[in-house]
Amino acid sequence: LQAQEAALRIARLSAREQETLITGAHHLLMTLAELPEVRERKPAKCAELFAGIMKKFPYYTNIAAVSPKGDVFCSGLPNRSSNATIADRGYFQEALNERRLGISHVLVGRMSGKPNITLAYPSFDPDGPVHAVVFVGLDLTWLNNIPATAQLPPQATLLALDEKGTIFVCYSEQKQWPSTSTVDPSLVRTIIEQKEGFT
């Protein structure tokens, strides 16, 4: 019973922390979308601004802006590719087409190479076209701080996984953690169906 209660408490703590990070990133994107560096697509000034913001917020894997076609014109990280695009990403299409916040599942950032959750927000005139879309990647390593905050029971292991059961964070004091990258599919189904609780 203690283990079940601890698991549920830690899951709730993690969910609250993630919600706080997402809310902060959403507010940041809404502000950035209004800047002339973004709206007028000024790559040099925009990149300098985004790089400065990233230094102050270590949980952002990248802050970038793309044209309505999804082509990156500004990035807080140096561009690894001369033709970087996010046109095929669902969160980008959601932000562009719905004119609201788009959010991804866990994915590996094309420019950062890190697992993250990406949020995107459009820059547009109320009755006009979308000028650009800004996006930010939330680094998932903040979950590694949860064990210290939550006071995990001895020999406990904390796993964070996506909706497919792929593990993207693993914290364990045990040295003999099995080298698997996925969780039993029946357990994942139970988690998705129950939404909250323990199993």
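The legends below describe close-up views of a predicted model.

**Figure 1. Overall fold of the predicted protein chain.**
The protein chain holds six helices and seven strands. Along the sequence these elements follow the order α-α-α-β-β-α-β-β-β-α-β-β-α. The C-alpha trace spans about 55 × 30 × 25 Å along its principal axes. Of the 199 residues, 39% are buried. Among contacts with a separation of 6 or more, 48% link residues 24 or more positions apart.

**Figure 2. The largest pocket and its lining.**
This pocket encloses about 1800 Å³ of space. Its lining comprises 43 residues, and Ala11, Leu159, Ala160, Leu161 and Ile191 come closest to the pocket centre. Two or more lining residues come from each of α1 (2-32), β3 (102-108), β6 (157-161) and α6 (185-194). Helix α1 gives the largest share, with 13 residues. By residue type, the lining splits into 27 nonpolar, 10 polar and six charged.

**Figure 3. Strand β6 and its hairpin with β7.**
In a regular strand, side chains alternate between the two faces of the sheet. Strand β6 has Leu158 and Ala160 on a covered face. Thr157, Leu159 and Leu161 lie on the uncovered face of β6. Strand β7 (residues 167-172) runs antiparallel to β6, and five bridges join the two. Threonine 157 faces serine 172 of β7 across the pair. Five residues separate the two strands of the hairpin. In that turn, glycine 165 has a positive phi of about 90°. Strand β6 also contributes to the lining of the largest pocket, where Leu159, Ala160 and Leu161 are among the residues closest to the centre.

**Figure 4. The buried face of helix α4.**
Helix α4 covers residues 90-98. Four of its residues are buried: Tyr91, Phe92, Ala95 and Leu96. Viewed down the helix axis, these residues fall within an arc of 130°, so they line one face of α4. An α-helix has 3.6 residues a turn, so residues three or four places apart point the same way. The cover over the buried residues of α4 includes β1 (60-66), β3, β4 (115-124) and β5 (130-139). Arginine 99 follows the helix with a positive phi, near 55°.

**Figure 5. Serine 67 in the loop between β1 and β2.**
Strand β2 spans residues 72-75, and serine 67 sits in the loop that leads there from β1. Is serine 67 buried or exposed? Its relative accessibility is 11%, under the 20% cut-off, so serine 67 counts as buried. Leaving out residues up to four places away in sequence, serine 67 touches Arg41, Phe73 and Phe92. Of these partners, Phe92 is one of the buried residues of α4.

**Figure 6. Serine 14 in helix α1.**
Serine 14 belongs to α1, the helix that supplies 13 residues to the lining of the largest pocket. With a relative accessible area of 11%, serine 14 is buried. Which residues does serine 14 touch, not counting those up to four places away in sequence? They are Trp142, Leu143 and Ile146. A C-alpha separation of 26 Å lies between serine 14 and methionine 111. Along the chain, these two residues are 97 residues apart.

Terms used
Residues are numbered from 1 along each chain as its sequence is written. This is a predicted model: local features need pLDDT of at least 70, side-chain atom pairs count only at pLDDT 80 or more; totals for chains, interfaces and linings use all residues. Side-chain values use heavy atoms; hydrogens and water are left out. On a 1 Å grid over the protein atoms alone, a cavity is a set of points where a 1.4 Å probe fits but cannot get out, and a pocket is an open set with protein on both sides within 12 Å along at least five of seven lines; lining residues have an atom within 4 Å of a point. Grid points are joined across faces, edges and corners, and a volume is the space filled by probe spheres set on the points. Ala, Val, Leu, Ile, Met, Phe, Trp, Tyr, Cys and Pro count as nonpolar, Asp, Glu, Lys and Arg as charged, and the others, Gly among them, as polar. Buried means under 20% relative accessible area, exposed over 50%, partly exposed in between (1.4 Å probe, protein chains only). Two strands pair if DSSP finds at least two bridges between them. The arc is that of the directions from the helix axis to the C-beta atoms. Contact means heavy atoms within 4.5 Å.
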